[in-house]
Structures are given as structure tokens and as C-alpha cells.
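Morning, everyone. I have one structure to walk you through today. Let's put it up on the screen.

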Amino acid sequence: MSAYYLGCDLGGTNMRAAVVDAETGATFTAVKNATHAHEAPEAVIGRMVHLFEAAITASGVLRSAIRGAGVGVPGRVDYESGETRFLPNFYGNWPDVPLASRLQKLTGLPTHLINDVRSITLGEWRFGAGKGIDTLACFAIGTGIGGGLVIRNRLHLGLLGSAGELGHLIIDTSQDAPVCGCGARGCVEAFSSGPQIAARGARAVMQGRTTVIGELAGHDLNKITPALICNAAQAGDPVALEIYDEAGYHLGIAVASVVVALAPKMVIFGGGVAAAGELLLAPVRRALSERVHMLPPEKVRLAQAMLGDEAGIAGAAGWAYLRNEQGYLVADEVREL
Ligand SMILES: [Zn+2]
């Protein structure tokens with residue numbers, strides 16, 4: 001029996017949505033629209049409603065067969081009330097926007113919100129690399145480093161839904177550690193995110209080191225991306241190899257902390273930077289073997305995410321399904337004492 005849900009990934013630049021069979025994760029054609037996050041919430045919500053209808057039309061599934069909607073949101077949400085709490089890239093930061101109830105009113109679909117990286121984690125756990133694994137951690141490495149935790153077959157949300165922000169594990173306690181976007185010093189995000197990798201490439205070129213990175217970028221420092229450095233590394237460029245080795249090793253220090261705290265069966269790596277595969281994972285493994293002594297680190301499987309851009313959409317739909325039909329409660333977990 002199929003359980004059709006609408007999954008939406010609300011980004012700061014684009015919003016994407018598709019109908020998903022939340023039993024299997026099978027995803028119909030995704031449709032996309034510009035978010036225009038600088039506009040007032042009601043305008044963005046209006047575009048979301050159009051997007052939902054377009055996704056349903058694109059799927060060919062009868063509207064009456066869609067049982068609900070899940071939305072992955074880039075920031076903090078109140079899992080109980082379905083209100084947004086803080087969306088850093090949106091106009092006014094959306095402190096108390098009743099997004100779920102507005103969408104529900106305008107579409108007639110019972111709607112549930114989830115943080116966007118938690119939805120990626122949920123998608124990979126239920127339908128992707130982590131299928132059948134009861135305890136896992138997920139790192140999504142792109143512009144920032146996001147994360148999520150699944151503990152004994154539950155997405156772990158924690159107090160106020162704030163658990164799983166793995167990019168802000170601190171790996172450098174020195175006074176001059178780099179400052180992270182969150183305001184703390186020494187977070188792994190300040191070492192291994194996409195912009196940090198690109199910046200290292202640009203620095204190497206400016207320092208006049210022997211590398212093909214500058215040439216590949218047409219001698220334009222702004223064109224240096226993690227993907228470009230990855231290409232250089234795969235062609236054997238020593239500076240590019242060193243950049244990925246350092247980024248992976250720093251990431252590995254954070255992964256080691258998660259392994260020590262959680263002893264997960266698997267750690268999943270997604271996001272654009274993780275496309276580098278072994279260039280990133282080999283140094284992660286090295287960091288684990290040096291720093292994890294509580295269990296044999298090779299027992300923890302390191303896996304690449306499988307669903308790519310669809311993970312967030314499938315995860316959001318899967319979340320709505322769990323909340324709507326599986327009696328999945330969050331109140332006790334996220335509420336203050
Ligand atoms: Zn941070």
C-alpha cells in the first residue's frame with residue numbers, strides 16, 4: 001500500500017517539492033520555484049502553495065490520495081506547534097510564523113515541519129544509505145556542516161529540537177582558533193566546510209605554491225570551488241590532495257567525538273563536499289583509528305549518502321508520514337522541564 005505525501009525542501013534561494021511514497025521513498029518528479037526569502041512570510045507561503053499544487057500535478061497522483069505534507073526548513077522550528085523559530089536567511093528571521101497551520105489551511109493537507117538537515121538524515125535513514133540501521137549519525141557538508149542523529153530507530157531531536165548540530169562540535173580550543181558562523185571558535189564547520197576548502201585553495205594559489213588549481217580556475221580566485229579542487233586532487237595535484245586530507249582529518253576529529261558519544265553503527269556523509277568520496281573519507285578513517293579507543297573504529301561503517309538532492313524531500317515526506325500516521329510523538333523529547 002502506498003502512502004503518498006508531499007515533501008518540500010524550503011531553501012533560502014529555491015524551494016523544491018515532490019510527491020513521495022512515504023512507505024518506500026519512491027519520489028515523483030520534483031518541481032522547483034524561487035524562494036525570494038527577502039519577501040514577507042505570506043508571499044513565500046503563497047509560492048509554496050503553488051509549488052505544492054505543481055508537484056501534485058507533475059506526479060499524476062490523485063490529489064485526494066495525498067495524505068499530508070512535510071516541509072524541511074533551514075533553521076530552528078518548534079516541532080510541537082509547527083511554527084518557525086529562527087530562519088537566518090529569511091526576511092525578519094521568521095521568529096513565530098505558523099507555517100504548518102498556514103499551509104494546512106491553504107492546501108487542506110496536514111503539514112509538519114522539520115529542520116532541513118534532520119530531514120536529510122531521516123531520508124537517508126529510512127530510504128537511503130542508512131536503511132535498516134537503528135543508530136547512525138549524518139554529516140551534511142556544503143556551505144556549512146549540518147548533521148543529524150538517529151538513535152535506536154528514532155530521529156533524535158533533543159531539547160527544543162536542537163540536537164544533531166554536528167558542524168558545531170569544537171575541534172580546536174586554542175585562543176586563535178577560527179571563528180565559526182555560529183559565533184563560537186574552533187567548530188569543525190570553520191575547518192571543513194565547502195567555503196573553507198575553497199579558501200584554502202585560493203590561499204595556496206596566492207602564496208604561489210606549485211598547483212594546477214589556479215590554472216583550472218582560469219586564474220580567477222572566485223572560481224575556485226571544492227569541486228574544482230577535488231578534480232585537481234583526483235589528477236594527483238599535491239596541494240589539492242593536501243587540502244582534502246586536512247579537511248577530512250579535521251572532520252574526522254569531529255566524527256571521532258560522535259563515535260565516542262554515540263557508538264553508531266554507521267556515519268553517513270552527504271552534501272556537495274562529500275562527493276569527493278575517499279579523498280575525504282580516507283583521512284576521516286585515519287583520525288578515527290588514531291583517536292577512538294573505546295571500540296574498534298573499523299566497526300563503524302562510513303557511508304556516502306545515496307539520495308543526493310532528493311534526501312531532503314523524501315525525508316520531509318517521511319517525517320509527515322511518521323507524525324501523521326505512526327503516532328510519532330515529539331513533545332516530551334523537545335519540551336523544557
Ligand atoms: Zn559553530
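Start with one contact. The side chains of threonine 211 and aspartate 237 are joined by a polar contact of 2.9 Å. One caution before we go on: this is a predicted model.

Where does threonine 211 sit? Look at the loop between helix H5, residues 194–206, and helix H6, residues 213–216. Is threonine 211 buried or exposed? Its relative accessibility is 17%. The cut-off for buried is under 20%, so threonine 211 counts as buried. What does threonine 211 touch? Leaving aside residues up to four places away in sequence, the contacts are Val205, Asp237 and Val239. Aspartate 237 therefore turns up twice, once as a touching residue and once as the polar partner.

Now the metal. Which residues hold donors for the zinc ion? On the protein side we have His168 through ND1, and Cys180, Cys182 and Cys187, each through SG. These donors lie 2.0 to 2.4 Å from the zinc ion. The angles among the four donor atoms run from 104 to 122 degrees, and the site is tetrahedral. Along the sequence, the spacing of the donor residues reads H-x11-C-x1-C-x4-C.

Take two of those cysteines. Cysteine 180 has a relative accessible area of 7%, so it is buried. Cysteine 182 is at 44%, and that counts as partly exposed.

Next, the sheet. Five strands make an open sheet with mixed pairing. The order is E10-E9-E8-E11-E12. Which strands stand at the edges? They are E10, residues 154–155, and E12. Each has a single partner strand, so one side of each has no neighbour in the sheet.

Let's visit both edges. At one, E10 pairs with E9, residues 145–151, in the antiparallel sense. Two bridges link E9 and E10. Isoleucine 151 has arginine 154 in E10 as its bridge partner.

At the other edge, E11, residues 266–270, runs parallel to E12, residues 301–304. Four bridges join E11 and E12. In one of the pairings, valine 267 is matched with leucine 302 in E12. How does the chain get from E11 to E12? It passes through helix H9, residues 278–291. That makes a β-α-β crossover, and the crossover is right-handed.

One general point while the sheet is on screen. Side chains in a regular strand alternate between the two faces of the sheet.

That's my tour. Over to you.

Terms used:
Residues are numbered from 1 along each chain as its sequence is written. This is a predicted model: local features need pLDDT of at least 70, side-chain atom pairs count only at pLDDT 80 or more; totals for chains, interfaces and linings use all residues. Side-chain values use heavy atoms; hydrogens and water are left out. Donors are N, O and S atoms within 2.8 Å of the metal (3.2 Å for Na, K and Ca); water is not among the atoms, so sites may look incomplete. Four donors count as tetrahedral if all angles lie between 85 and 135 degrees; four count as square planar and six as octahedral if opposite donors are over 155 degrees apart and all others between 65 and 115; anything else is irregular. Buried means under 20% relative accessible area, exposed over 50%, partly exposed in between (1.4 Å probe, protein chains only). Two strands pair if DSSP finds at least two bridges between them. A crossover is right-handed if, with the strands pointing away from the viewer, the path from the first strand over the helix to the second runs clockwise. A polar contact is a pair of N or O atoms within 3.5 Å; within protein, one must be able to donate a hydrogen and the other to accept it, and residues adjacent in sequence count only if both atoms are side-chain atoms. Contact means heavy atoms within 4.5 Å.
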